[in-house]
Amino acid sequence: MGNVQVCGCETGTPVIQDEEALLSPTAPMAVKRETSDASGQQVGNVTNLVYIERTAYNLSSAASTTDGLSSRQSDISSKTKTKAISMLQTAGIGVVAMPPEKLDKTKLASFRENLHLAGIDTSKWGYGGSKSVEHLFWEAYQQKGCIITTKGPGEMKRVTRLVKIRLVAEIFGVDHALFSRMQFMHDGQTVERKQVPLRKLVWANSSDTEFKECSEEFYAEDCPHTENWKVGCKKTLEERLGLSLAWQAQHLVEDSEGYRYTTEDNVKSDGYPGLNTLYCIHEVTFRVRDPEHSGVQVIGLPEGQEFATAEGDFNFNCQQDDNGLAIGTQLNIWTWARAAHSNATKPSVAAAKVVSVPSDKKPADESRLIRRVPLPSTSAQILARMQAAVAEKKNKKPPSGLLWSCMENMKTDWSLAKKMANKMLDPKYTLSQFNHDLSAFPELNLYLLDEKTSSAGGSATNMSSGRTIGDEYQRTVGAFFAIYWMLRLDIDGKEGFANGVDESWTPISLTDKNDMRVTQPEKRIAFQNNAKWDFFRKLLMDAGLIEEKKSGGFFKSTTKIQVNEKRLVSLLALTAIHDIMKMAMILPEVQKEHEPYHGYASGDVIGDHDHALSYVMDHYPDMLPSFKDLEPAEKRSVQFTQCNLCFNHGWFVQAEAPPGAIFTKFREALIRDHRSQIGQQDVALYFVHWLTDLAGAEPTPLAGCEKFVTKFPLPVLNSFLRSFEFVEKIATQTETGVMEEYLQMRWSEHTPSMGTVPIGDSAIAKMRLLCMAQMNGPAVLHGFNDLVDEDREVLCMEMARTGCVGQSFSSNLVPKEVSEHLEGPAFLVYYGPAFLQGLGNDVAVKRLSVLAEIYRCSREIWPASVAKAAVNVIIRIDMIKSLSVGDMQEATMQGDVWILVKHNDSEAFIERSSKKKLNKMIATQQAVQVLDLSCLVAYGV
């Protein structure tokens, strides 16, 4: 289905306080300390603060690079030096680094001359994202990460062999991969690109003389001239992320199906223009075993926080102004991004090639299999027929001959599907019967397809270990079971959802936290007792799946819940087909008459499984029996569930962002892609499907909805459920109208009571601050009342801007100047909630005064104008979110200043800078504002 983004905000969790204990600094400067995980294993150094100074010059270029995934030079490329950044930071180890002045000058001059003799112009090396001659010399002879080959006069080639790591973790049930989004280089350049962790393999026999010929051995997967690539994998994680071998063994599992070896020859290198490169690349996938384990907090889990790593002695405080940092040192900003579709799937820990883990952490394979439903009795015959179609490859009918072959003569049993819907609230309709009736949907058979077992020599019986051919089937059945339990909350649904069923398929009732019939009984009991079940029911009603029917006489009437047959059948049909395109063999190919399709050209196979399903539903509905016979309105509703709404739920529930940043793209999808035919019920169905899909994410459907019950923070789930009612209204109301209603609800339902919903100039600011501060809400509002008039007015003004054309909050809730002059841009203070949730020993009024100063500086850089009313700008305060006001002031007492630096037209960062570097920024006309902390004097600081 389409993605609902639940991470990427400061904690990724809208109702849990930021775990500042993990990150809180012991001093305002960059202080390293050894860090261990819960088992006591050392995982590297943490630097509390790392900050970047820069002098800017205008450059703009776009490029791709084999060394990474994609690369983009900043609009304002800048000469940077490291100061302090408030991010989780682990130090890379084993990095070979050397200051440029210590390179052998004679050999370097000879090396440079050889490049010139080969016709390579190095005059522009070291600028605009390219590397210097010194860097290439260091890479070849110090790091030994490449060799330079010559074939003849004027022919020179660089040969480098790489290991690339795809590190995957589930964040709130959605697969995310780790990327470095920004690299601060030793020479002062800042490169913005999306790069996986990678490392050059060391050449064992590299010497001071280049190889004369580019040997065929250099292309081999197992090259005898470099270190073993498997060793390189471990060193990549150790040197780039600071993860010890013991940490890797405990927390990572290799995906044996995620390995790939490729070569790319004569690539025009962006790093060294004019010097062609042979890249030999080993791509390996690792998965984090348990994203909730305390030991993986060093890489930003479980919430998906950004973090930083420094490679080599990347100097934090003592800047080498004359010579720069040593070659080989680098600072990386890492981020977790939703993983792109890959044929590699989540491996079973039992089948993976990793060292053993503590016995209390091992999954019980026997229990795992007991919790799986048996495959249909007809599955062997159906699978054999589908495999025959794979082997014959006769059907070439577009867009997917194999899908046509597999679904040939298949029909949906609509009478059985309707029976399922009508019996759903019957206490006698058991889960076993429901599971049997799923045979109504023929598309379920497609989940039995598996590339490995369908290839030549494959076996159809590999169903007992590793990634079995039934895993996707089990997950889909889990989604069906979630629907079953959610609809039966007043019968046996709560027990089944939280605890699963026993051997007789009877829902398990738990009271003892040591009950060994289930895993994590204490969590399951807590979930059943504390989950907001009424919110589940409300969402089902909003989606039109159930409805209240009143009956009775004049004096007495009763209300009864009944199922909407048509709507529920549509949801069941959607659940049957929603993930079939994860079977890579049936992915469709874009036809000429449909290009471009979501960026795919004619002849492209659509790799994204959501887009692939949408393509078939849009243009070839007859391929899917369970979709083609739905009524037009139901088809539209089902199709809507597959779109990407670009919706960050954390921004909404924490009121972190203005309504434009939260909802504008959402509304554009409704209007542009669906021609305003989508209503509130359809948006609610989108979220029902999101819930059931995630609830069934574990391939153990008989164990209940384990993803939510044992792995998803319950306060987050409850907060999401409560907010769905308001998000649904975006189909009929404006972005600002939805936000206003939500804020008023949060105020009126706050515990302890906050009294009457506020009105007046400060109303919106107060309501947003209450959501942002969470448990600190009352203290923050008390501090708001203590602000000097100037600071309070700034917050009232800036927090009331909407970022939407022609929209304002109600005039009795915002300053008159805001409601009568609809100007922008509006500001999203990224990490604003964390800044208010982690007050520590600070009084709230001081934090609010700093926040007001940040807004004030932002407005100086982006003056308000009507032309920018629909613009939303992100203000990143990463560097100060974990600091106390005292820490910030101590930095200024040491002669530094806190500044807001504009990085591009839609983003600015708070940084710490020396006055010398600030003067350079001013001289180069970089957009920068100094935070005036003297405002704190008014509060007795």
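Axes here are lines fitted to C-alpha atoms, for helices over the stretch in contact, with angles running from 0 to 180 degrees between N-to-C directions. In this predicted model, that puts helix α11 (residues 471-487) and helix α12 (residues 489-499) at a crossing of roughly 135 degrees, with their axes coming within 6 Å. Angles that are neither under 35, nor over 145, nor 65 to 115 degrees count as oblique, and α11 and α12 are therefore oblique to each other. On the α11 side the contact is made by Y484, W485, M486 and L487, which meet L489, D492, G493, G496 and F497 of α12. Sorted by class, this contact has 6 nonpolar, 2 polar and 1 charged residues.

As for α11 itself, 17 residues at 1.5 Å apiece should span 24 Å, and the end C-alpha atoms sit 25 Å apart, which agrees. All 17 of its 17 residues are buried, so α11 is largely enclosed by the rest of the structure.

Helix α15 (residues 565-577) gives a similar check: its 13 residues reach 19 Å from first C-alpha to last, close to the expected 18 Å. Here 11 of the 13 residues are buried, so α15 too is largely enclosed by the rest of the structure. Among the buried ones are R567, S570 and T575, along with L568, V569 and I577.

A word on confidence. Mean pLDDT for the protein chain is 80, and 80% of its residues reach 70 or more. Two stretches stay under 50: residues 316-322, with 24 contacts beyond four places in sequence, and residues 451-468, with 35 such contacts. Where pLDDT is low, the predicted coordinates should not be read in detail.

Terms used: Residues numbered from 1 in each chain as written. Predicted model: local features only at pLDDT ≥ 70, side-chain atom pairs only at ≥ 80, totals over all residues. Heavy atoms only, no water. Helix = DSSP H or I, 4+ residues; strand = E, 2+ residues; numbered from the N terminus. Contact = heavy atoms within 4.5 Å. Nonpolar A, V, L, I, M, F, W, Y, C, P; charged D, E, K, R; others polar. pLDDT = per-residue confidence, 0-100. Expected span 1.5 Å × (residues − 1). Buried < 20%, exposed > 50% of the residue type's maximum accessible area, 1.4 Å probe, protein only.
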